[in-house]
Amino acid sequence: MDFGPSTPLSYFNANGKSMIVSLNIPDHISFQMVYRLESKDPSETQLDPESNFTLLTSPIHVARNFRTVASYCGTAGAIKAAAKLLSGRRSLYLITRYNRVETAGWCYTGQCKHYKIEPNAVVVGPIWTSPKSRGKGFASKALQLALNEYKRKGQYLFYIDTEKKNHAAQRVFEKCGFGPPVALYFK
Ligand SMILES: CC(C)(COP(=O)(O)OP(=O)(O)OC[C@H]1O[C@@H](n2cnc3c(N)ncnc32)[C@H](O)[C@@H]1OP(=O)(O)O)[C@@H](O)C(=O)NCCC(=O)NCCS
């Protein structure tokens, strides 16, 4: 049987001590790795003067930024985005440069269909960066700035997940302070 690189998993043992185990899961089995971050202090994050970070939390925000959102997900996508924000529990963050969306990500408070979370925890994802702009730090900066916005509102528990082969996403999480994964799930 082919085993890929071993997967670290962080957990608390019966004494409440944080431990890491290494799992050897056959390479042909695909799974999502779940990361958790507990952090109250906003981190300093600098954007270049041409870049703008925006956190959209209501349909009105989408209406005000309709062209920009539509340039990222199309007109129908922008309408859907506005509808998603109606609940008040979601947000869409963007970094734009010259009205072009470089990177975007969704956040959802208090709910995840794949794993259990605390009521006030924020689940981030999906995240995305325009193919031409990848590797320039946009996703990491945008995620950090989004986490900062939530922390300022008193929300300090964050979850994010990605598939085991998505090394770029894993690096983004690491740069934003997430440690080893805390759980796995199979789709
Ligand atoms: C994942 C994604 C959002 C990252 O966006 P990005 O703007 O390129 O991210 P950043 O530039 O902030 O950071 C990427 C990091 O991953 C690293 N990286 C890229 N490809 C890598 C790979 N194959 N293996 C290891 N590291 C990799 C980059 O070098 C960079 O790290 P560094 O700053 O230490 O050099 C982007 O690749 C993407 O949109 N992918 C398609 C959608 C997707 O997979 N979304 C994630 C689902 S959760």
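Start by selecting Arg36 and Tyr159: Arg36 stands opposite Tyr159, a residue of strand S8. A word on what you have open: this is a predicted model, in which local features need pLDDT of at least 70, side-chain atom pairs count only at pLDDT 80 or more, and totals for chains, interfaces and linings use all residues. Residue numbers count from 1 along each chain as its sequence is written.

**Stop 1: strand S8 and its partners**

Helices (H or I, at least four residues) and strands (E, at least two) are DSSP runs, numbered from the N terminus. Select strand S3 (residues 32–38) together with S8: the two pair in the antiparallel sense over 7 bridges. Strands count as paired if DSSP finds at least two bridges between them. Now add S7, which pairs with S8 in the parallel sense over 3 bridges. On this side, look for Val124, which stands opposite Ile160 in S8.

Is S8 mostly covered or mostly open? It is mostly covered, with 5 of its 7 residues buried. A residue is called buried if 20 or more other C-beta atoms lie within 10 Å of its own, exposed if 12 or fewer, and partly exposed in between, with C-beta atoms placed from the backbone.

While S7 is selected, click on Pro126, which lies in that strand. The peptide bond from Gly125 to Pro126 is cis, and its omega is near 0°.

**Stop 2: helix H3**

Next, select H3. Its 15 residues should span 21 Å at 1.5 Å a residue (the expected span is 1.5 Å times one less than the number of residues), and the end C-alpha atoms are 21 Å apart, which agrees. Colour the buried residues of H3, among them Phe138, Ala139, Leu143, Ala146, Leu147 and Tyr150. An α-helix has 3.6 residues a turn, so residues three or four places apart point the same way.

What covers the buried residues of H3? The cover includes strand S4 (51–56), strand S5 (90–97), strand S6 (100–109), S7, strand S8 (157–163) and H4. After H3 comes Gly154, with a positive phi near 95°.

**Stop 3: around the ligand**

Show the ligand and the 20 residues that surround it (near here means that a residue's C-beta atom, placed from the backbone, lies within 6 Å of the molecule); the closest are Thr129, Ala139, Ser140, His167 and Arg171. Strand S7 (122–129), helix H3 (138–152) and helix H4 (167–175) each supply at least two residues of this shell.

**Stop 4: the loop between S5 and S6**

Select Tyr98, in the loop between S5 and S6. Tyr98 has a positive phi of about 50° although it is not a glycine, and with 8 C-beta neighbours inside 10 Å it counts as exposed. Asn99 sits in the loop between S5 and S6 too. Its phi is near 65°, again positive in a residue other than glycine, and Asn99 counts as exposed with 10 C-beta neighbours inside 10 Å.

**Last stop: the whole chain**

Zoom out to see 4 helices and 9 strands, running β-β-β-β-α-α-β-β-β-α-β-α-β from the N terminus on. The chain's radius of gyration, taken over C-alpha atoms, is 17 Å, close to the 16 Å that the globule rule (2.2 Å times the number of residues to the power 0.38) gives for 187 residues, so the chain is as compact as a globular protein of that length. Along its principal axes, the C-alpha trace spans about 50 × 35 × 30 Å.

Notes: Contact = placed C-beta atoms within 7 Å.
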